[in-house]
Amino acid sequence: ERVIHMYNVGTAMQYGGSTVYWQIDNTCNVRAGKVMGYDKDTGKRKKSSEGKPQINWAHKLLKKPPNYNLKQCLYGLHLLSNDTKFICIVESEKTALIMAIELPRLTWMATGSLRGFKREILSPIKNYEVIAYPDKGAYLTWLKVADTLNKEGYNIKVSEKLEKDEYKEGWDLVDVIEFEEMK
């Protein structure tokens, strides 16, 4: 409950019941709401019969005007404070929530996609120490971005934790925790 409240997780009727991940920036402005359908039994994302993930955006469901300007930010960016020591970044919003439960002393944020690890999204955290945990297989992509940004004064370390051979392509930190617990 603490983490759900902290991250302002919402719900929607879309897909027979879904989760809304509100992207709230460091000045507490709501930038976007990502609506995702999950299977209540497995916790995995729901997919259509064509295999397409059930994902939508709050502004589309609310029928905002066509000129609506979607300007995304890191999921969890509103949690920045003067007390923030480290920021840990993952790809999935769900992973950020679970990691905030598992390791609550750290500030967890999510890019929302592999391609969300970019300057426009990361610029508000330039003056913070950041550890990025890309999904298995995305290490080199995120490392390239981090190397470029570190030359501009960022302080981003990219973890190779998920690159072990025993981990499957696309796994994230939650998959690794589950795997290690099963051993």
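**Exercise 1. The tyrosine pair**

Are Tyr 7 and Tyr 75 buried or exposed? Work out how the two rings sit against each other, and where in the chain they come from.

*Solution.* Keep in mind that you're looking at a predicted model.

Step 1: start with accessibility. Tyr 7 and Tyr 75 are both buried.

Step 2: count the aromatic pairs. The structure has eight of them. One of these is Tyr 7 with Tyr 75, with ring centres 5.5 Å apart and planes at 25 degrees. Planes under 30 degrees apart count as stacked, so this pair is stacked.

Step 3: find the two partners along the chain. Tyr 7 is in the loop between α1 and β1, while Tyr 75 is in the loop between α2 and β5. That puts them 68 residues apart, so the pair links distant parts of the chain.

Step 4: widen the view. Tyr 7 and Tyr 75 belong to one aromatic cluster together with Tyr 21 and Tyr 38.

**Exercise 2. Tyr 21 and its surroundings**

Place Tyr 21 in the fold, then list what it touches.

*Solution.* Step 1: look in strand β2, residues 18-24, and you'll find Tyr 21.

Step 2: check its accessibility. The relative accessible area of Tyr 21 is 2%, and the cut-off for buried is under 20%, so Tyr 21 is buried.

Step 3: go through the contacts, skipping residues up to four places away in sequence. Tyr 21 touches Ala 32, Gly 33, Lys 34, Met 36 and Tyr 38, and also Tyr 75, Glu 93, Lys 94 and Leu 97.

Step 4: add a backbone distance. Tyr 21 and Tyr 7 are 14 residues apart along the chain, and their C-alpha atoms are separated by 8.0 Å.

**Exercise 3. Following the contact to Ala 32**

Take Ala 32, one of the residues that Tyr 21 touches, and describe its setting.

*Solution.* Step 1: Ala 32 lies in strand β3, and with a relative accessible area of 3% it is buried.

Step 2: beyond residues up to four places away in sequence, Ala 32 touches Tyr 21, Trp 22, Gln 23, Trp 57 and Leu 70.

Step 3: pick out Leu 70. The C-alpha atoms of Ala 32 and Leu 70 are 6.7 Å apart, with their positions 38 residues apart in sequence.

**Exercise 4. Where are the disulfides?**

How many disulfides does the structure hold? Explain the result for Cys 73.

*Solution.* Step 1: the count is zero.

Step 2: measure from Cys 73. Its closest cysteine sulfur is in Cys 28, at 10 Å, which is too far for a bond. The cut-off for a disulfide is within 2.5 Å.

Step 3: do the same for Cys 88. The nearest cysteine sulfur belongs to Cys 73 and is 18 Å away, and Cys 88 is in no disulfide.

Step 4: check burial. Cys 73 is buried at 4% relative accessible area, and Cys 88 is buried too, at 1%.

**Exercise 5. Positive phi without glycine**

Asn 8 and Lys 63 aren't glycines, yet each has a positive phi. Compare their settings.

*Solution.* Step 1: the phi of Asn 8 is about 55 degrees, and for Lys 63 the value is also about 55 degrees.

Step 2: place them. Asn 8 is in the loop between α1 (2-6) and β1 (10-12). Lys 63 is in the loop between α2 (58-61) and β5 (86-90).

Step 3: look at accessibility. Asn 8 is partly exposed, at 33%, whereas Lys 63 is exposed, at 71%.

**Exercise 6. Packing of α3 and α6**

Classify the angle between helices α3 and α6, and say which residues meet.

*Solution.* Step 1: helix α3 (residues 93-102) packs against helix α6 (residues 173-182) at about 50 degrees, and their axes are 9 Å apart. That angle makes α3 oblique to α6.

Step 2: from α3, the contact uses Thr 95, Ile 98, Met 99 and Glu 102; from α6, it uses Leu 173, Val 174 and Ile 177.

Step 3: sort these residues by type. You get five nonpolar, one polar and one charged.

Step 4: finish with another residue of α6. Val 176 lies in this helix and is buried at 3% relative accessibility. Outside residues up to four places away in sequence, Val 176 touches Leu 162, Tyr 167 and Trp 171.

Technical notes
Residues are numbered from 1 along each chain as its sequence is written. This is a predicted model: local features need pLDDT of at least 70, side-chain atom pairs count only at pLDDT 80 or more; totals for chains, interfaces and linings use all residues. Side-chain values use heavy atoms; hydrogens and water are left out. Buried means under 20% relative accessible area, exposed over 50%, partly exposed in between (1.4 Å probe, protein chains only). Helices (H or I, at least four residues) and strands (E, at least two) are DSSP runs, numbered from the N terminus. Rings of Phe, Tyr and Trp (its six-membered ring) pair if their centres lie within 6.5 Å; planes under 30 degrees apart count as stacked, over 60 as edge-to-face and the rest as tilted. Axes are lines fitted to C-alpha atoms, for helices over the stretch in contact, and angles run from 0 to 180 degrees between N-to-C directions. Angles under 35 degrees count as roughly parallel, over 145 as roughly antiparallel, 65 to 115 as roughly perpendicular and the rest as oblique. Contact means heavy atoms within 4.5 Å. Ala, Val, Leu, Ile, Met, Phe, Trp, Tyr, Cys and Pro count as nonpolar, Asp, Glu, Lys and Arg as charged, and the others, Gly among them, as polar.
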